[in-house]
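Here is a short report on one protein chain. Start with how its helices meet, then follow the chain outward to single residues.

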Amino acid sequence: MARPGPDHAYPAARRPVREADDERSDQGTATAADAFAAYLDGELAAHLRACPFWLDERRPPTAADRLPQL
C-alpha cells in the first residue's frame, strides 16, 4: 500500500517526463520506473526482513519463522 507523503509525489510528478523519454528511446523506462516504485511500496519490506534471517541462518525463512519488524 502506498504511503502518502513527498517521497511518492516526486515519482508521480515525473511520470510525464519518463513517458516522453520512453517514447524517444523505446526502452520501457516508464514501465520499469513504475514497477520499481511498486516494489518499493510492496515486496521490499518482506525482502528486507528476510535478508538478515538468511544471513544468520543460511536458509530462507519459512512461515513458522519469526522475522524482525522494520
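In this predicted model, the axes of helix α2 (residues 29-41) and α3 come within 4 Å. They cross at roughly 55°. That crossing makes α2 oblique to α3, because an angle between 35 and 65 degrees is neither roughly parallel nor roughly perpendicular. On the α2 side, the contact is made by Y39, L40 and D41. On the α3 side, the partners are E43, L44 and H47. By character, the residues of this contact divide into three nonpolar, one polar and two charged.

**The chain overall**

The protein chain has three helices and zero strands. From the N terminus on, the order is α-α-α. Of its 70 residues, 6% count as buried. About 5,700 Å² is exposed, and carbon and sulfur atoms supply 60% of that area. Take the contacts between residues at least 6 apart in sequence: 18% of them join residues at least 24 apart.

**The start of α2**

T29 and T31 both need a look here. T29 lies in helix α2, and T31 lies in helix α2 too. Is T31 buried or exposed? T31 is exposed, because its relative accessible area of 57% is over the 50% cut-off. T29 has a relative accessible area of 33%, so it counts as partly exposed. Which residues does T29 touch, leaving aside its neighbours within four places in sequence? T29 is in contact with R18 and D22. R18 also pairs with T31 in the table of C-alpha separations below.

**The segment after α3**

Helix α3 covers residues 43-57, and P60 is found in the segment after it. R58 has its place in that segment after α3 as well.

R58 has an unusual backbone angle to check. Its phi is positive, about 60°, although R58 is not a glycine. Most residues other than glycine have a negative phi. R58 is exposed, with a relative accessible area of 55%.

R59 is the charged partner to note. It forms a salt bridge with D65. The closest N and O atoms are 2.9 Å apart, within the 4 Å limit for a salt bridge. Side chains of opposite charge can pair when their charged atoms come close. How many salt bridges does the rule give? The count comes to one. R59 is partly exposed, because its relative accessibility is 32%.

P60 has a relative accessibility of 57%, so it counts as exposed. Even so, P60 has contacts beyond its neighbours within four places in sequence: F53, W54 and D65. D65 therefore appears twice, in contact with P60 and in the salt bridge with R59, where the N to O separation of 2.9 Å is within 4 Å.

**C-alpha separations**

These pairs bring together residues from separate places along the chain.

| Pair | Apart along the chain | C-alpha separation |
|---|---|---|
| P60 and A50 | 10 residues | 7.1 Å |
| T29 and E19 | 10 residues | 7.8 Å |
| T31 and R18 | 13 residues | 8.9 Å |

**Points to keep**

The α2 and α3 axes cross at roughly 55°. R59 and D65 form a salt bridge. R58 carries a positive phi of about 60°.

How values were computed
Residues numbered from 1 in each chain as written. Predicted model: local features only at pLDDT ≥ 70, side-chain atom pairs only at ≥ 80, totals over all residues. Heavy atoms only, no water. Helix = DSSP H or I, 4+ residues; strand = E, 2+ residues; numbered from the N terminus. Buried < 20%, exposed > 50% of the residue type's maximum accessible area, 1.4 Å probe, protein only. Contact = heavy atoms within 4.5 Å. Salt bridge = Lys/Arg side-chain N within 4 Å of Asp/Glu carboxyl O. Areas by Shrake-Rupley, 256 points an atom, 1.4 Å probe, with all protein chains shown as cover. Axes fitted to C-alpha atoms, helices over the stretch in contact; angles between N-to-C directions. Parallel < 35°, antiparallel > 145°, perpendicular 65-115°, else oblique. Nonpolar A, V, L, I, M, F, W, Y, C, P; charged D, E, K, R; others polar.
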